[in-house]
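This report describes one protein for a reader who has not met it before. Please keep the sequence and the model in view while reading.

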Amino acid sequence: IDSPNEIEIVIYSMQAKVIATLFKGRQVPGSYELTWNFRDENGRRMSSGDYIAEVRIGNTKYVRKRIVIP
């Protein structure tokens, strides 16, 4: 990210249900990498299928990525 900002990274099911919030907080400028362990908020392993990762940077930028669990 280019400047200090609020960041939220959320995993959703294809039905738009929140599966897990991987990060929520303020970050300073820099490059970051985060790996999802395919578990929900309660630590249960998710079943095979498609999921969506959404990265929110402040209030204006949204990045979505499709994740497939084989």
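## The sheet

In this predicted model, four strands make up an open sheet with the order β2-β1-β3-β4, and their pairing is antiparallel. The edges are formed by β2 and β4, each of which pairs on one side only. From one strand to the next, the twist averages 15°.

Strand β1 covers residues 5–13 and is joined to β2 by eight bridges, the two strands running antiparallel. Within this part of the sheet, V10 stands opposite T21 of β2.

## Overall composition

The protein contains four strands and zero helices. Read from the N terminus, its elements follow the pattern β-β-β-β. Along the principal axes, the C-alpha atoms fill a box of roughly 35 × 20 × 20 Å.

Of the 70 residues in the protein, 27% are buried. The exposed surface amounts to about 5,100 Å², and carbon and sulfur atoms supply 50% of that area. Among contacts with a separation of 6 or more, 38% are between residues 24 or more positions apart.

## The nonpolar core

Nine residues form the largest nonpolar core: I11, I19, A20, W36, M46, Y51, A53, I67 and I69. At least two residues of this core come from each of β2 (18–27), β3 (49–57) and β4 (61–69).

One member of the core, I67, illustrates how separate parts of the chain meet. When neighbours within four places in sequence are left aside, the contacts of I67 are I11, W36, F38, G49, D50, Y51 and A53. Several of these partners, including I11, W36, Y51 and A53, are themselves listed in the core.

## Salt bridges

Six salt bridges are present in the structure. In one of them, the side chains of E8 and R56 meet with an N to O distance of 3.2 Å. This pair links distant parts of the chain, since E8 belongs to strand β1 and R56 to strand β3, 48 residues apart. E8 has a relative accessibility of 17% and therefore counts as buried, whereas R56, at 24%, counts as partly exposed.

R56 has a further partner in E54, with the closest N and O atoms 2.8 Å apart. E54 counts as buried because its relative accessibility is 4%. Through salt bridges that share partners, E8, E54, R56 and R64 are joined into one network.

Another salt bridge brings together the side chains of D50 and R66, at 2.8 Å from N to O. D50 is in strand β3 and R66 in strand β4, so this pair ties together parts that lie 16 residues apart in sequence. D50 counts as partly exposed because its relative accessibility is 28%, while R66 is exposed, with a relative accessible area of 53%.

## Loop residues with positive phi

Most residues other than glycine have a negative phi. Two residues in this model deserve attention on that point. A16 has a phi near 70°, a positive value in a residue other than glycine. A16 occurs in the loop between β1 and β2, and at 58% relative accessibility A16 counts as exposed.

F38 also shows a positive value, with a phi near 65°, and is likewise a residue other than glycine. The loop between β2 and β3 is where F38 is placed. F38 is partly exposed, with a relative accessible area of 25%. As noted for the core, F38 is in contact with I67.

## A glycine in strand β2

G25 is located in strand β2. Its relative accessibility is 16%, and G25 therefore counts as buried. Apart from neighbours within four places in sequence, G25 is in contact with N5, E6 and I7.

How far apart in space are G25 and V68? From C-alpha to C-alpha, G25 and V68 are 26 Å apart, with a separation of 43 residues in sequence. G25 lies in β2, which is one of the edge strands of the sheet, as is β4.

Notes
Residues are numbered from 1 along each chain as its sequence is written. This is a predicted model: local features need pLDDT of at least 70, side-chain atom pairs count only at pLDDT 80 or more; totals for chains, interfaces and linings use all residues. Side-chain values use heavy atoms; hydrogens and water are left out. A nonpolar core is a set of buried Ala, Val, Leu, Ile, Met, Phe, Trp, Tyr and Cys residues joined through side-chain atoms within 4.5 Å. Buried means under 20% relative accessible area, exposed over 50%, partly exposed in between (1.4 Å probe, protein chains only). Contact means heavy atoms within 4.5 Å. Two strands pair if DSSP finds at least two bridges between them. Axes are lines fitted to C-alpha atoms, for helices over the stretch in contact, and angles run from 0 to 180 degrees between N-to-C directions. A salt bridge is a side-chain nitrogen of Lys or Arg within 4 Å of a carboxyl oxygen of Asp or Glu. Accessible areas come from the Shrake-Rupley method with a 1.4 Å probe; for residues, only the protein chains shown count as cover.
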